[in-house]
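User: I've got this model open on my screen and would like a close look at the sheet. Could you walk me through it and what sits around it?

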Amino acid sequence: MPPRVDPPPDPPLALLAELTHRCPLACPYCSNPVNLERASAELSEEDWRRVLTEAAALGVLQVHFSGGEPMVRRELVALVGAASGLGLYSNLITSGTLGGAREIAALADAGLKHVQLSFQDVVADNADRIAGLAGAYERKTRFADAVRATGLPLTLNMVVHRQNLERVPDMIEMAHTLGARRVEIAHVQYYAWAFTNRAALLPTRQQLDDATRAVEAARQRLKGVLTIDYVVPDYHGRRPKSCMSGWGRQFLNVTPAGTAVPCHAAETLPGLAFPSVRTSSLSDIWYRSEAFNRFRGTDWMAEPCRSCERREIDWGGCRCQALLLAGDAGRTDPVCALSPDHGLVEAALQEAEQAPPAFVYRRFS
Ligand code: SF4
Ligand code: SF4
């Protein structure tokens, strides 16, 4: 008998369709799991078409085609077309290292509405070093030009950490020059490969404060011209982020092999059997699966979250971070200063004052 949910949650707002874990790059902060799925395990085009149809019926409004590098999948244009035909707003999250003007034009013709392109740095040598691929930066700038030529709205994702953070002002300038309407200056979040590389990526307080001042100044200067989103590393905060806007509240991810999860890192949580879209409908997964109901709402919370006035603001923070740091997904996120495990975060910040170790690059085992 499936668990009963009372009252039932709202339908998901967005589907993250992780088409593949394959990618030409090897970023040491990649949010893909450390155990990457191989091509032989990937869902077929037919499977994805069914997932998109079920998502639209469920009430999903947006689909984010992601990976890995989604342009590895030759079915991408057909899937964008299918999403468009179902009335879904489709966004491409890409490294911009595969394909060019012809491929982007085909995606635009199929109904793609937006492109989100990631950069590793504004200094080509360092960008290529972080990406683990020579020439990646050059390919990305050409890709940005090609997107701009189609007229598709472009957001640049600048992934920042201690090895590029001082160049935030140049990153904003570059986004402006490349014709982006929005730039997201997003600090690495410490899961998966980024957790493996935490000591090499975690910025110092001074670096963070300098970057925050640079963002505030640029927001004033470029008001009405460029929107600047800024995501800070929660290790330096006093309260956690509202991870995925709460477990199973707005987002549904489907991995390349078809596992449905409420966030990128959730597959690592022990004791939860995440359902597969190969054997369950998205509706059953969203409303009735044990895994999606496990940390929904506030009933699962222990103290200090249970009686905290922020419990329906940050939902107790991130379950995966609680597991990674404190060894128990049911505990308060240790980045919260009220958590009894907060000392683990302070120890990690102290470690970041040392010289950073070399990167462990993302790779298939
Ligand atoms: S973070 Fe880097 S390695 Fe991971 S999917 Fe994106 S571009 Fe590829
Ligand atoms: S105690 Fe829990 S609900 Fe309160 S701020 Fe910390 S993580 Fe959020």
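Analyst: Here is the sheet, followed by the core, a helix pair and the ligand shells.

First, this is a predicted model: local features need pLDDT of at least 70, side-chain atom pairs count only at pLDDT 80 or more, and totals for chains, interfaces and linings use all residues. Residues are numbered from 1 along each chain as its sequence is written, while chains are lettered from A and ligands numbered from 1 in the order in which they are written.

The sheet is open and mixed, with nine strands in the order β7-β6-β5-β4-β3-β2-β1-β8-β9. Strands here are DSSP runs of E with at least two residues, helices are runs of H or I with at least four, and both are numbered from the N terminus. Two strands count as paired if DSSP finds at least two bridges between them. At the edges, pairing on one side only, are β7 (227-231) and β9 (260-261). Further in, β2 (residues 62-66) and β3 (residues 89-94) run parallel and are joined by four bridges. Look for Gln62 there: Tyr89 of β3 stands opposite. Helix α5 (residues 136-150) packs on the sheet, touching β4 (114-119) and β5 (154-160), and its direction makes about 165° with that of β4. (Axes are lines fitted to C-alpha atoms, for helices over the stretch in contact; angles run from 0 to 180 degrees between N-to-C directions.)

Now the core. The largest nonpolar one has 99 residues, and Leu52, Val63, Phe65 and Cys320 have the most contacts inside it. Such a core is a set of buried Ala, Val, Leu, Ile, Met, Phe, Trp, Tyr and Cys residues joined through C-beta atoms within 7 Å; buried means 20 or more other C-beta atoms within 10 Å, exposed 12 or fewer, and partly exposed in between, with C-beta atoms placed from the backbone. Setting aside neighbours within four places in sequence, Leu52 is in contact (C-beta atoms within 7 Å) with Val63, Leu79, Ala82, Ala83, Leu86 and Leu88.

As for the helix pair, the axes of α6 (residues 168-177) and α9 (residues 205-221) come within 9 Å and cross at roughly 35°. Val168, Pro169 and Ile172 of α6 meet Ala211, Ala214, Val215 and Ala218 of α9.

Finally, the ligands. Residues around ligand 1 (C-beta atom within 6 Å) include Cys23, Cys27, Cys30, Gly67, Gly68 and Ser118. Ligand 2 has 14 residues around it, with Pro304, Cys305, Cys308, Arg310 and Cys336 coming nearest.

Definitions and conventions: Two residues are in contact if their C-beta atoms, placed from the backbone, lie within 7 Å.
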